[in-house]
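I opened this structure to look up its internal cavities, its helix packing and its unusual backbone angles. My entries are kept short.

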Amino acid sequence: MDDEAMIARRPGAMTDEMPPARSRGRLADEVYDTLLGQMMSLRIEPGSRVTIDVLARELGVSQTPIRDALNRMEAEGLVVRVPHAGYRIPPQITRHRFEDMLEVRLLLEPAAARRSAERASSKQVAGLRRMLEEMAELEGGEGPMAYGAFGLRDAAFHDLVALSAENQVIREALARLHTHVHLFRLLHDTQVTHLAMAEHEEVLAAIAARDPDAAAYAMRRHILLSGERFRRLFDEAKGADGMAEEA
């Protein structure tokens, strides 16, 4: 399965009606995506503990794909193994980590968007459009799971841009950040999805128009605006701490 097919499949995380036969690797990928969606929707909360047997019962699968998915997440720093006690979900990112991630994104993602405008195939542009259509269907969805599903597609959209840029080093570096997992865990706000959709449309329009400068500008603008939306959470938390100390 090629990269584009994998990205197109990944947002379809596990549902209650699961096909009877899948390969171990594919099932582990579905478990992985389901767990990411639950983390982004805060169904699995920061600092909480998860165990293989409980997840297997909840998702209706054997322990093997659960174990494979958690091992992958541990290697990526998304969960922490606790000896004889399962796994723990790390706390939310710090302000310092957030700013570092933002700086790296501003270095890499506008460059990826620029190259995408120069190199993306018509098939890849169509794939980006389909991804935005899927996101639009979830944009006004109610409940945390719809928010998590939107987050998965948001991440997939950015990955498709990096894929179409044909620079594997940039794509791998961005993937290791797991930006959307960390950001969506900070805030559950449908306004965020609405604003992100409009900004993604600008990025796609520039890529489809084969305008490298406009694509780089649109992506940079999107990342800066996204940074402002999430940065206020840290500012509000700091302000609340200050008032608590004064009290």
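The entries below follow the order in which I looked things up.

**Entry 1: the model.** I noted at the outset that this is a predicted model.

**Entry 2: cavity count.** How many cavities of 30 Å³ or more are there? I get four cavities at that threshold. I followed up two of them, the largest and the second largest.

**Entry 3: the largest cavity.** I read off a volume of about 80 Å³ for the largest cavity. Its lining consists of R105, D154, H180, L183, F184, V192, A196, H222, S226, R229 and F230. Next I asked which elements give two or more residues to this lining. They are α9 (179–186), α10 (190–208) and α11 (212–246). α11 contributes the most here, with four residues. I then sorted the lining of the largest cavity by class. I found five nonpolar, three polar and three charged residues.

**Entry 4: the second largest cavity.** The second largest cavity holds about 50 Å³ of space. I listed its lining as F98, M101, L102, R105, T179, L183, S226 and G227. R105, L183 and S226 are among the residues that line the largest cavity, and R105, L183 and S226 are also among those that line the second largest. Which element gives the most to the second lining? It is α5, with four residues. At least two residues each come from α5 (95–119), α9 and α11. By class, the lining of the second largest cavity has four nonpolar residues, three polar and one charged.

**Entry 5: α9.** α9 gives at least two residues to the lining of the largest cavity and at least two to that of the second largest, so I checked its burial next. Is α9 enclosed by the rest of the structure or open? Eight of its eight residues are buried, so α9 is largely enclosed by the rest of the structure. The buried residues are T179, H180, V181, H182, L183, F184, R185 and L186. H180, L183 and F184 also appear in the lining of the largest cavity. T179 and L183 appear in that of the second largest.

**Entry 6: α5 against α9.** I looked at how these two helices cross. Their axes come within 12 Å and cross at roughly 135 degrees. That makes α5 oblique to α9. The crossing of α5 and α9 is left-handed.

**Entry 7: α3 against α4.** I took a second helix pair. α3 covers residues 52–59, and α4 covers residues 63–75. They pack at an angle of about 120 degrees. Their axes are 9 Å apart. α3 and α4 are therefore oblique to each other. What is the hand of the crossing of α3 and α4? I recorded it as right-handed.

**Entry 8: positive phi.** I searched for positive phi values in residues other than glycine. H84 has one, with phi near 65 degrees. H84 sits in the loop between β2 (80–81) and β3 (87–88). Is H84 buried or exposed? H84 is exposed, at a relative accessible area of 88%.

E166 is not a glycine either, and its phi is positive at about 60 degrees. I placed E166 in the loop between α7 (144–164) and α8 (168–177). E166 is exposed, with a relative accessible area of 54%. The cut-off for exposed is over 50%.

Key:
Residues are numbered from 1 along each chain as its sequence is written. This is a predicted model: local features need pLDDT of at least 70, side-chain atom pairs count only at pLDDT 80 or more; totals for chains, interfaces and linings use all residues. Side-chain values use heavy atoms; hydrogens and water are left out. On a 1 Å grid over the protein atoms alone, a cavity is a set of points where a 1.4 Å probe fits but cannot get out, and a pocket is an open set with protein on both sides within 12 Å along at least five of seven lines; lining residues have an atom within 4 Å of a point. Grid points are joined across faces, edges and corners, and a volume is the space filled by probe spheres set on the points. Ala, Val, Leu, Ile, Met, Phe, Trp, Tyr, Cys and Pro count as nonpolar, Asp, Glu, Lys and Arg as charged, and the others, Gly among them, as polar. Buried means under 20% relative accessible area, exposed over 50%, partly exposed in between (1.4 Å probe, protein chains only). Axes are lines fitted to C-alpha atoms, for helices over the stretch in contact, and angles run from 0 to 180 degrees between N-to-C directions. Angles under 35 degrees count as roughly parallel, over 145 as roughly antiparallel, 65 to 115 as roughly perpendicular and the rest as oblique. A crossing is left-handed if the near helix is turned anticlockwise from the far one by less than a right angle, and right-handed if clockwise.
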